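Dear colleague,

I am passing on the structure below, together with some notes on what came out of going through it. Please read the notes with the coordinates open beside them.

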Amino acid sequence: MISKKMTKALNEQIVHELYSSNAYIALAGYFDSLGLKAMSRRFFVQSDEEREHAMKFVNYLMDVGAPVAVGAIPESKSSYASVEAGVSAALEQEERVTAQINDLMALAHEEKDYATASFLQWFIDEQVEEIATVTELLQLVRLAGPDRILMVEERLMRMEGAPGSKPA
Ligand code: FEO
């Protein structure tokens, strides 16, 4: 039902999403090592979301009768020069994923594969949300500066406790 080229591209995205999931586990571990428990929790939650993203691709491939193939996942970086560098790396990763999703959507349109385009629309919307959330976190980290990073922790803890608040 979908082309070989599209199948290959969707399978590659499974690897990209799992890479994000692993990268955020490593980042959460780094924040935990600094004593930043709320930052750490936020990225563990985000890691779980990334695995869910990977599984959405897996399930879609199965739904359309295309083979699932999971390639090698590159190693994640587990140490950063600063909190800001760690959050910047997360933003860069989300920007890369946004470009990847846009490329997938472009391919779907090129192939007149409107079923896959419809499936991908959720990811287009999700990336807007994810870029906004991580950009907001990076702004907070920059505003606080390295000496007042505990203010970011306090803010995140308040957000965790607030009704209707959602994790990154
Ligand atoms: Fe699955 Fe954060 O992109």
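Ala99 is found in helix H3, and in this model, which is a predicted one, Ala99 counts as partly exposed because its relative accessible area is 38%, a value that lies between the 20% and 50% limits used for buried and exposed residues. If you follow the chain from Ala99 to Leu137, the two are 38 residues apart in sequence, while their C-alpha atoms lie 21 Å apart in space.

Helix H3, which spans residues 83–110, pairs with helix H2, residues 37–63, and the axes of the two come within 13 Å and cross at roughly 15°. Angles under 35 degrees count as roughly parallel, and H2 and H3 are therefore roughly parallel to each other; their crossing is left-handed. On the H2 side the contact is made by Met39, Phe43, Gln46, Glu50 and Phe57, and on the H3 side by Val83, Val87, Ala90, Glu94, Ile101 and Leu104. Sorted by character, the residues of this contact comprise eight nonpolar, one polar and two charged.

Helix H2 also packs against helix H4, which covers residues 114–144, and here the axes come within 12 Å and cross at roughly 170°. H2 and H4 are therefore roughly antiparallel to each other. The residues that H2 brings to this contact are Met39, Arg42, Phe43, Gln46, Glu49, Glu50, His53, Lys56, Phe57 and Tyr60, and those that they meet in H4 are Ala115, Thr116, Phe119, Leu120, Trp122, Phe123, Glu126, Glu130, Thr133, Leu137 and Val141. The contact of H2 with H4 divides into 11 nonpolar, four polar and six charged residues. Leu137, the partner in the distance from Ala99 given above, is thus one of the H4 residues that meet H2.

A further residue that may interest you is Ser20, which has its place in helix H1, residues 4–33. Is Ser20 buried or exposed? With a relative accessible area of 0%, Ser20 is buried, since the limit for that class is under 20%. Leaving aside residues up to four places away in sequence, Ser20 touches Glu50, Gln93 and Val97, and with one of these, Gln93, there is a polar contact between the two side chains at 2.8 Å. Glu50, which Ser20 touches, is also among the H2 residues that make the contact with H3 and among those that meet H4.

With best regards

How values were computed:
Residues are numbered from 1 along each chain as its sequence is written. This is a predicted model: local features need pLDDT of at least 70, side-chain atom pairs count only at pLDDT 80 or more; totals for chains, interfaces and linings use all residues. Side-chain values use heavy atoms; hydrogens and water are left out. Axes are lines fitted to C-alpha atoms, for helices over the stretch in contact, and angles run from 0 to 180 degrees between N-to-C directions. Helices (H or I, at least four residues) and strands (E, at least two) are DSSP runs, numbered from the N terminus. Angles under 35 degrees count as roughly parallel, over 145 as roughly antiparallel, 65 to 115 as roughly perpendicular and the rest as oblique. A crossing is left-handed if the near helix is turned anticlockwise from the far one by less than a right angle, and right-handed if clockwise. Contact means heavy atoms within 4.5 Å. Ala, Val, Leu, Ile, Met, Phe, Trp, Tyr, Cys and Pro count as nonpolar, Asp, Glu, Lys and Arg as charged, and the others, Gly among them, as polar. Buried means under 20% relative accessible area, exposed over 50%, partly exposed in between (1.4 Å probe, protein chains only). A polar contact is a pair of N or O atoms within 3.5 Å; within protein, one must be able to donate a hydrogen and the other to accept it, and residues adjacent in sequence count only if both atoms are side-chain atoms.
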